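Open your viewer, keep the selection box handy, and follow along stop by stop. Each stop tells you what to select and what you will find there.

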Amino acid sequence: MIKAQALLYAEQFAVQEEAQRSKGDGRSSIHYPALFLFLGEKVAPAIGPVLERCERKWDNAGGVMALHAAPLTGTGHVGGDSETQAGHAGGLSRVQSEGRRERVMGMDLPATAGRDPRTVRQEVYREFHEDSRFLAGMNRSLRRLGNSIADYGRLYSSFDVIHLSIITRVDDPLNVLLPEVALLARAVLSQSFKSVQTDLYALINEREQGDNFGYSSSVGLAFLRELDGMQQAEYTFSAPLLVTEDGLSIPVSHGPSTLFDLVYLLSDKNERGMMSVHGMDDNYEIIAHISLLKNRVRPVTDTATGHGGYNNMTFKSGIRGSTGRQGYASAGFSAVRRPNRQIALAVLYHAFHYLAAELQAGGGISLRERQALLGLAPESLRDRAASLLPDETGLAEMTGLMSHGRPSFNELKPLSLREAEELLFGDGGQAYFRSNFADVSARRAAEVHPAREWAADLAAQENAVPPLTFYQLAEWTAEQTGGGSVLHALRQHMAGLRSAILSAQEELEQLYAESVERQPFQRVPLLDKRTVRNFIHYLFEAVYGRKYELLRLESELALCQRYDAALEQLHSESKAKVQMMEELEQELQSLALAGIGRASGTVDQNIMEYYRTVTEEVMRDIATRRGPGIFFSDRFLGSASELLRQGGAAAVERLIDLCRRELLTAEAFALPFEEELLRRANVAAAYENREILSKEELFKRLYRSLEEEASINVRLLEYTQEHRHEEKYFFGDSNSEFLRYALGADETTRIYRLGFVHEQRRSGVEKLNLMGGFHLEDLLYYRNGKVYYETYAASGYRLHGVAEEQLPELG
């Protein structure tokens, strides 16, 4: 529960920071409508991430539509956190991820489940062309999609062009239908738009091949062979793809020309042969950033400031090379962003630690003051115990007890006091004392409830300055031999009482054993009755006076026992709260450290150290301005004890609210990312005895890190690649110090085109490296897969829908 709370809070803070225009993070807008067409079942996990990244980057991404071409029955989850609802052929399904207004429609294709892997691509191709329901359904879906796009027309600067991006996995059998799907989509969209610009993103997931690497590679290579044919300048295609509501077919023709404007091949293994730590996520970022780069509204300031922008014709020309042969493209992506999720978790932990320390800081008072606060001072206990007993003057009333017979003094003289009392009153005197004194005292002691009596005082003390909290109470009430424990002092006092009671009992017994004759009371000669009466007065005064004092000691001990039990209960409750605080602090610390991970790079370094200082300074400033104890006022957290009584989740929720409202909104958290990085990098310099990192050195590290991490996401055989064209783009505030540094870096030796996508961004910078000009035979994946492809084909696998003679030669 607490983990979910903390992670949700961190995620919400990160999203808020990404979209926070008031802090200078303005997003770009796209000029023309955009449509993402996801072809195949294996590409389903890409849907949600691609659309989420578009929404994060684009102001008008709320109108971006997506189409998932796959079997509608049994599609399962789409985009990771959305669910496709299956329908009949050509039916529409809509995906809505929580917190986003993305819309995904489904377009039915033949099912692949349960088919023979040896013939699945061929069978899917054949079924699609033989069963007219698929084309009819696709036509309906695409027309409805066109109407939905038109509903969002107000979001775009122009409705003349639509950017169609088709995304597929190379090893998905359904991409055997790529020409049909692409050309039908283009044909239907052309009825609403003057131009349809179509790009293909082919994803290569080498990590997932696992035990099926041979078959998966052969299917992937079969697709790439077909794709190579589609991208030849002389490629033509004609088929009756358009279907009217009356079932009439209309041919769709293409060419001679390449099917796609550009084809991007993106793998989860980069050109250095390393698997990406982010898996396919970087490729989803690439798709969103390329889509923005090609379709961005260019502000007037771009031209005025001379920022190098993307030109599609220039890039296409650049990757064609001197031979004129159309090349393929790939890309790499990296980002340096303020680590907002990690910062939020670090601040949550440090705020908790600060408050816990504040709760522990009070209570520096003497044992006598602690005892006085709880009514446990020896004199207080003595007075309280005395108040439990009926007034001692009531003993005089015992002289009125009726005696048994009328013994003479001579009969009493040789007897002990106990024997004389029994002769005179039997057990009447003891019964009277028990009923009128001992029982009353016991009843009054039983009505003493220390915890109730302490409650109001302790609650008031918790709000005092400094506060008295469960931390101090747990220490005070611990069973320890140190000088500060009120429980230990109480038990020492109780030991003294027991000793005093034992002495008093012994003295009483000794008195009872003495003879009547030796007692110092007035005897009246010749008046026997008066002498007996005087003895009775003496008996009750001397013996029962001792009993009264003994009862006072016993009542005080009984009272102390109730206080002892109450202190044990208070200790248990306070210790439980202390333990809950320790567990919460440990959990929040673990979450903060787990969020940072083991990264040692510049971007993630010193988060805990730096934000400990920042959080403490902000909280001290609040306390200085608003007064000590402000954090535990009703406006902020309220009573810490009450929060913990409600449970750890309630305490964390209030702390999250405090962080959101009071801490993360402070100026210290609004620094430009370069300044924040520099301060964070140098936070430990003093006590680590190292040199301060200069801004230039920091920029150099960031520049190098961005370039290394934006390595192209495809592995090539460099010695076969005849031509390599590169363009590199920074997304960020081009007026920032870092991007001004980047503009000048390598300026004299630069052999690539450098551009900037200006965004009023203070929270980070992103880099997109584009590279093109290679051919399929330059791909290491193609070379390795060719062996499997030829072997599987020779073993009877039908890997294509079209005849062999319609395919290009293997490179």
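## A tour from the inside out

The residues that line the largest cavity are 11 nonpolar ones, with no polar and no charged residue among them. Before you look for them, keep in mind that this is a predicted model.

**Stop 1: the largest cavity.** Select Phe352, Leu355, Leu359, Met581, Phe632, Leu637, Ala640, Leu643, Leu644, Ala651 and Leu655, which together make up its lining. The space they enclose comes to about 120 Å³. Now colour the helices α10 (340-361), α21 (640-646) and α22 (648-663), since each of them supplies at least two of the lining residues. In total, the structure holds five cavities of 30 Å³ or more.

**Stop 2: the whole chain.** Zoom out and switch to a cartoon view. You should be looking at 27 helices and 14 strands. The chain has 811 residues, and 54% of them count as buried. Among contacts with a separation of 6 or more, 81% are between residues 24 or more positions apart.

**Stop 3: an edge-to-face pair.** Next come the aromatic rings, of which there are 30 pairs. Select tyrosine 310 and tyrosine 729. How far apart are the ring centres of these two tyrosines? The centres are 6.0 Å apart and the planes meet at 65°, an angle over 60°, so the pair is edge-to-face. Tyrosine 310 sits in the loop between α8 (300-305) and α9 (312-320), while tyrosine 729 belongs to strand β12 (residues 725-732), so this pair ties together parts that are 419 residues apart in sequence. Try a surface view here: tyrosine 310 counts as buried at 12% relative accessibility, and tyrosine 729 is buried as well, at 1%.

**Stop 4: a stacked pair.** Now pick phenylalanine 738 and tyrosine 741. Their ring centres are 6.5 Å apart with the planes at 25°, so this pair is stacked. Both residues lie in helix α26 (residues 737-744), three residues apart, which is about one turn of the helix. Is phenylalanine 738 buried or exposed? Phenylalanine 738 is buried, with 0% relative accessibility, whereas tyrosine 741, at 22%, counts as partly exposed. Widen the selection to Phe673, Phe699, Tyr703, Phe730 and Phe756, and you have the one aromatic cluster that these residues form with Phe738 and Tyr741.

**Stop 5: charges over rings.** Stay with tyrosine 703 and add lysine 767, which lies over the face of that ring, at 5.2 Å from its centre. For another arrangement of this kind, select arginine 118 and tyrosine 797. Here the arginine lies over the face of the tyrosine ring, at 4.9 Å from the ring centre.

**Stop 6: two backbone details.** Show the backbone as sticks and go to glycine 255 and proline 256. The peptide bond between them is cis, with omega near 5°. Proline 256 is placed in the loop between β9 (249-254) and β10 (262-267).

Finally, select asparagine 606. What is the phi of asparagine 606? Its phi is positive, about 60°, although the residue is not a glycine. You will find asparagine 606 in the loop between α19 (528-596) and α20 (607-626). With a relative accessible area of 14%, asparagine 606 is buried.

Definitions and conventions:
Residues numbered from 1 in each chain as written. Predicted model: local features only at pLDDT ≥ 70, side-chain atom pairs only at ≥ 80, totals over all residues. Heavy atoms only, no water. Helix = DSSP H or I, 4+ residues; strand = E, 2+ residues; numbered from the N terminus. Buried < 20%, exposed > 50% of the residue type's maximum accessible area, 1.4 Å probe, protein only. Lys NZ or Arg CZ within 6 Å of the ring centre and 35° of its normal. 1 Å grid on protein atoms, 1.4 Å probe; cavity = no way out; pocket = protein on both sides within 12 Å on 5 of 7 lines; lining within 4 Å. Points joined across faces, edges and corners; volume = space filled by probe spheres on them. Nonpolar A, V, L, I, M, F, W, Y, C, P; charged D, E, K, R; others polar. Contact = heavy atoms within 4.5 Å.
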